[in-house]
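I wanted to see what packs against what in this protein and which charged side chains pair up. My entries are below, in the order I looked things up.

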Amino acid sequence: MPETIQDRVLRVIATTQRLPVERVKPDSSFEELGIDSMDSINILFDLESEFDIEINDEDAKKIRTIHEMVDGVTYLVEAKQNSSQQG
């Protein structure tokens, strides 16, 4: 079964933060996982690399939970797929 976007986001966060992947839940907040602003920047870089997307800095600053991060990545991945299908 292929990994979902959410699975991949959780894995990237766990790897970047050196946390067990089972500790990173969709409803976790950055605070609960000990993710500070520098950590979140590193996570965003890794997510951009994992999904070959570009995350807007202003949008990224608003993200405070894993759920919001999954939603944002999902939106960008779907938008990229739609634009490549139209091209």
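These entries cover helix packing, then salt bridges, then one serine.

**Entry 1: before starting.** I am working from a predicted model.

**Entry 2: helix 1 against helix 2.** I looked up how helix 1 and helix 2 pack, and found an angle of about 135° with the axes 9 Å apart. Angles over 145 degrees would count as roughly antiparallel. Helix 1 and helix 2 are therefore oblique to each other. I noted the crossing of the two as right-handed.

I then listed the residues that meet. From helix 1 I have Ile 5, Arg 8, Val 9, Arg 11, Val 12, Ile 13, Thr 16 and Gln 17. On the helix 2 side they meet Asp 39, Asn 42, Ile 43, Asp 46, Leu 47, Glu 50 and Phe 51. Sorted by class, this contact has seven nonpolar, three polar and five charged residues.

**Entry 3: helix 2 against helix 4.** Next I took helix 2 with helix 4, which spans residues 66-86. Their axes are 11 Å apart and the packing angle is about 30°. That angle makes helix 2 roughly parallel to helix 4, since the cut-off for roughly parallel is under 35 degrees. Here too I recorded a right-handed crossing.

Helix 2 contributes Ile 43, Leu 44, Leu 47 and Phe 51, and helix 4 contributes Met 69, Val 73, Val 77 and Lys 80. By class I get seven nonpolar residues, no polar ones and one charged residue. Ile 43, Leu 47 and Phe 51 are also in my list for the contact of helix 2 with helix 1.

**Entry 4: salt bridges.** How many salt bridges does the model have? The count comes to six. I wrote up three of the pairs.

Arg 8 pairs with Glu 50, with the closest N and O atoms 2.9 Å apart. Arg 8 is in helix 1 (residues 5-17) and Glu 50 in helix 2, so this pair ties together parts that are 42 residues apart in sequence. I checked exposure as well: Arg 8 is partly exposed at 23% relative accessible area, and Glu 50 is partly exposed at 28%. Both residues belong to a network of salt bridges that links Glu 3, Arg 8, Arg 11 and Glu 50.

Asp 52 forms a salt bridge with Lys 80, and the closest N and O atoms are 2.8 Å apart. Asp 52 sits in the loop between helix 2 and helix 3 (57-61) and Lys 80 in helix 4, so the pair joins parts that are 28 residues apart in sequence. Asp 52 is exposed, with a relative accessible area of 56%, whereas Lys 80 is partly exposed at 35%. Lys 80 is also among the helix 4 residues that meet helix 2.

The third pair is Lys 62 with Asp 59, at 3.9 Å from N to O. The cut-off is within 4 Å, so the pair counts as a salt bridge. Lys 62 is exposed at 60% relative accessibility, and Asp 59 is partly exposed at 42%.

**Entry 5: one serine in helix 2.** Is Ser 40 buried or exposed? With a relative accessible area of 14%, and a limit for buried of under 20%, Ser 40 is buried. I placed Ser 40 in helix 2, which runs over residues 37-51. Leaving out residues up to four places away in sequence, Ser 40 touches Phe 30 and Ile 35.

Terms used:
Residues are numbered from 1 along each chain as its sequence is written. This is a predicted model: local features need pLDDT of at least 70, side-chain atom pairs count only at pLDDT 80 or more; totals for chains, interfaces and linings use all residues. Side-chain values use heavy atoms; hydrogens and water are left out. Buried means under 20% relative accessible area, exposed over 50%, partly exposed in between (1.4 Å probe, protein chains only). Contact means heavy atoms within 4.5 Å. Axes are lines fitted to C-alpha atoms, for helices over the stretch in contact, and angles run from 0 to 180 degrees between N-to-C directions. Angles under 35 degrees count as roughly parallel, over 145 as roughly antiparallel, 65 to 115 as roughly perpendicular and the rest as oblique. A crossing is left-handed if the near helix is turned anticlockwise from the far one by less than a right angle, and right-handed if clockwise. Ala, Val, Leu, Ile, Met, Phe, Trp, Tyr, Cys and Pro count as nonpolar, Asp, Glu, Lys and Arg as charged, and the others, Gly among them, as polar. A salt bridge is a side-chain nitrogen of Lys or Arg within 4 Å of a carboxyl oxygen of Asp or Glu.
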